[in-house]
Amino acid sequence: MLAAAIASAAPGAAQEEEAELYRRFAPRVRLYGRRHLRDAAAAQDLVQEVFIVLIERLRSGGVRNVEAIGSFILGTSRTIAADVRRTHHRRERLTETFADRTISVTPMERPLDKARVENCLNSLPPRDRALLVLTFYAEKKAADIASTFEMASGAIRVARHRALVRLRACVTGESSR
Amino acid sequence: MTGERCSRGAPFGDLLDYWADDLDQHDAERVEAHVFECAECANRLADIATVADAVADAVRGARVQSVISDTVLNKLSRDGVRVRTYAPEPGTFIPCAIWPDDDLIVSRLRGDFSGYDELTLVLKGDEGLELSRNVDIPLISGTHEILTATSASHLRRLPSMRLRLIVSGKRGDIEQVIGEYGLEHGGAMSR
């Protein structure tokens with residue numbers, strides 16, 4: 001267990017484990033931040049702030065149940081994201097706190113081939129295309145789309161799911177089920 | 001992203017609904033708790049986010065041909081996309097051209113499109129040459145208007161020609177033309 005190894009090591013001695021913990025959970029915190037803060041930069045700030053708290057607490061033995069570290073990270077993400085929303089406060093302590101770290105991890109979301117995405121999107125049936133545009137660009141909820149499509153909200157969610165699977169299958173070359 | 005559930009039994013559809021903000025708070029928190037425990041679902045959610053971003057980028061980059069709504073059109077304008085709009089009346093031709101700073105061309109087609117089972121939008125060039133066909137387009141701007149967006153870069157490649165946008169629909173087994181809209185495409189212009 002990574003968290004247990006960090007908690008039982010001398011402060012700063014488990015750098016490999018800390019880096020691995022970051023590698024595993026930073027993308028999830030970033031997704032949480034993007035979903036709730038609706039801003040990529042704010043989401044990245046959230047990742048940094050959560051990991052400052054997490055590593056400090058692990059090093060000082062402040063995490064009671066290291067077996068449920070995912071739950072602790074989510075709780076910390078919720079608390080800090082609420083704080084960010086309320087105050088728009090940004091802390092920039094990561095570099096200071098981890099200046100001695102030899103392992104640096106810069107997580108990147110896997111990029112997609114833009115031209116292929118466009119070709120695939122433009123080759124989808126018009127309803128699928130419009131559904132994805134309304135969902136991911138106009139940020140319309142299923143209930144809003146349902147009223148314009150004259151369909152039930154549940155049917156929109158199913159259709160959107162299928163449209164996304166078709167698009168991704170086309171982009172990645174995988175078969176869709 | 002191809003399976004319906006992760007190995008722990010959580011449905012993939014929930015992740016998409018979560019990302020699209022279509023779950024109530026209780027269900028959203030349940031999905032979040034699962035994602036922080038399940039690497040497989042974390043990866044799937046990242047996949048969804050990546051594809052969602054790619055779709056938004058393509059639209060924002062004016063590279064998607066689609067029927068759109070005024071909501072989408074307004075957001076495009078807010079995002080700095082330079083939109084040129086033409087509103088040909090049924091049965092007429094109006095002059096149109098693509099200027100160097102145009103990003104997106106929107107055709108605003110008016111007519112009574114209500115009561116049809118399947119609407120088809122066809123773009124034809126001179127002498128009936130079919131340039132595109134979109135079958136079963138959704139009416140997302142009400143029953144009396146269709147907004148269709150085309151990338152300016154795509155249209156810029158077309159030579160000067162007469163273009164016809166033809167909207168047809170089915171009532172029962174019978175397909176009929178509802179409206180035919182003409183554009184005298186002057187090609188790519190320069191200032």
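**Helix 3 of chain A and the ring contacts**

In this predicted model, helix 3 of chain A has a generous set of buried residues: A:Ala42, A:Ala43, A:Leu46, A:Val47, A:Glu49, A:Val50, A:Phe51, A:Ile52, A:Val53, A:Leu54, A:Ile55 and A:Leu58. The length of this helix can be checked with simple arithmetic. Its 20 residues, at 1.5 Å a residue, should span 28 Å, and the C-alpha atoms at its ends are 28 Å apart, so the two values agree.

Both ends of the helix offer something to look at. At the N-terminal end, A:Asp39 acts as a cap, with a side-chain oxygen 3.2 Å from the backbone nitrogen of A:Ala41. Just after the helix comes A:Gly61, which takes a positive phi of about 75°.

Over all chains, the structure holds 1 aromatic pair. Its partners are A:Tyr22 and A:Phe51, whose ring centres lie 4.7 Å apart; because their planes meet at 70°, and over 60 counts as edge-to-face, the pair is edge-to-face. The two residues are 29 apart in the chain, A:Tyr22 belonging to helix 2 (residues 15-37) and A:Phe51 to helix 3 (residues 40-59), and the pair thus links distant parts of chain A. A:Tyr22 is buried, with a relative accessible area of 9%, and A:Phe51 is buried too, at 2%.

Chain B brings charges and rings together. B:Arg162 lies over the face of B:Phe93, 3.8 Å from the ring centre, while the charged end of B:Arg171 sits over the ring of B:Tyr116, at 4.0 Å from its centre.

As for confidence, chain B has an average pLDDT of 92, with 97% of the residues scoring at least 70. For the complex, the predictor gives an ipTM of 0.92 and a pTM of 0.87.

Note on methods:
Residues are numbered from 1 along each chain as its sequence is written. Chains are lettered from A and ligands numbered from 1 in the order in which they are written. This is a predicted model: local features need pLDDT of at least 70, side-chain atom pairs count only at pLDDT 80 or more; totals for chains, interfaces and linings use all residues. Side-chain values use heavy atoms; hydrogens and water are left out. Rings of Phe, Tyr and Trp (its six-membered ring) pair if their centres lie within 6.5 Å; planes under 30 degrees apart count as stacked, over 60 as edge-to-face and the rest as tilted. Helices (H or I, at least four residues) and strands (E, at least two) are DSSP runs, numbered from the N terminus. Buried means under 20% relative accessible area, exposed over 50%, partly exposed in between (1.4 Å probe, protein chains only). A charge sits over a ring if NZ of Lys or CZ of Arg is within 6 Å of the ring centre and within 35 degrees of the ring normal. pLDDT is the predictor's confidence in each residue, from 0 to 100. The expected span of a helix is 1.5 Å times one less than its number of residues. A polar contact is a pair of N or O atoms within 3.5 Å; within protein, one must be able to donate a hydrogen and the other to accept it, and residues adjacent in sequence count only if both atoms are side-chain atoms.
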